[in-house]
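Walk through this fold with the sequence and the coordinates side by side. The tour begins at a pocket and then moves on to the sheet.

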Amino acid sequence: MSVYEKLNSLNITLPKLDPPVAAFVPFVRTGNLLFLSGHIAKKDGKPWTGKLGTDLTTAEGKQAAQTIAIDLLATLQAAVGDLNNIRRIVKLLVLVNSAPAFTEQHLVANGASELFIEVFGRDSGAHARSAFGVAQIPLGSCVEIELIAEVL
């Protein structure tokens, strides 16, 4: 099954790529590696704000991470033109806007990780990952994720 057939079966429509709002580009390719800038969680087109452990539950954070993964897929498509040209998701860095006692950043990150495995399959979608709790994310967003992928 192609990546697009899988997305269709999951009822996922890739969003339009938003231009960056600061002094950076959305992606950089060097050789066969593609580095995607951090994407923040959005809800209804606006930053999905809040702190995990006080304002948001782990389940809400996981959902936020999944929405970021969909945005990252749109950026991957813009970078390579065809998601079937993604050889492997190599690494995710997941930043979770966390209350001091919140310790479930890894569970929040699963929202993105599980979607990449479902879309690309275990061989191409499973990746290395780091998940950190941070004091704040730009625009007060609850989660931010950056991605490295290998392309054909």
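**Pocket, sheet and crossover**

Strand β2 provides the largest share of the lining of the largest pocket, with 4 residues. Keep in mind that this is a predicted model. Strand β2 does not line the pocket alone: β2, β4 (46-47) and α2 each contribute at least two residues to the lining. The space in this largest pocket comes to about 550 Å³. Its lining counts 24 residues, and the closest to the centre are F24, G38, H39, I40 and K42. By class, the lining residues split into 13 nonpolar, 5 polar and 6 charged.

Now turn to the sheet. It is open, has 5 strands, and mixes its pairing. Read across, the order is β1-β2-β7-β5-β6. Strands β1 (27-30) and β6 form the edges, each pairing on one side only. From one strand to the next, the twist averages 15°.

Two helices pack on this sheet. Helix α2 (residues 58-80) touches β1, β2 (33-40), β5 and β7 (143-151). The direction of α2 makes about 140° with that of β2. Helix α3 touches β5, β6 and β7. The direction of α3 makes about 175° with that of β5.

Strand β5 deserves a closer look. Strands of a sheet can pair in parallel or antiparallel fashion, through backbone hydrogen bonds. How does β5 pair with β7, parallel or antiparallel? The two run antiparallel, joined by 9 bridges. One residue to find here is V96, whose bridge partner in β7 is V143.

Next, take β5 together with β6. Strand β5 (residues 86-97) and strand β6 (residues 128-134) pair in the parallel sense, over 7 bridges. Between them, the chain passes through helix α3 (residues 105-125), and this β-α-β crossover is right-handed. The register can be followed residue by residue. K91 faces A128 in β6. L93 stands opposite S130, again in β6. N97 has V134 of β6 as its bridge partner.

One further contact is worth locating. G53 sits in the loop between β4 and α2. Which residues does G53 touch, once neighbours within four places in sequence are set aside? They are A99 and F102. G53 and A99 lie 46 residues apart in sequence, yet their C-alpha atoms are 5.3 Å apart in space.

Finally, put the parts together. Helix α2 packs on the sheet and also supplies at least two residues of the pocket lining. Strand β2 is touched by α2 and gives the pocket the largest share of its lining. On β5, the pairing is antiparallel with β7 and parallel with β6.

Definitions and conventions
Residues numbered from 1 in each chain as written. Predicted model: local features only at pLDDT ≥ 70, side-chain atom pairs only at ≥ 80, totals over all residues. Heavy atoms only, no water. Pairing = 2+ DSSP bridges. Right-handed = clockwise from strand over helix to strand, strands pointing away. Axes fitted to C-alpha atoms, helices over the stretch in contact; angles between N-to-C directions. Contact = heavy atoms within 4.5 Å. 1 Å grid on protein atoms, 1.4 Å probe; cavity = no way out; pocket = protein on both sides within 12 Å on 5 of 7 lines; lining within 4 Å. Points joined across faces, edges and corners; volume = space filled by probe spheres on them. Nonpolar A, V, L, I, M, F, W, Y, C, P; charged D, E, K, R; others polar.
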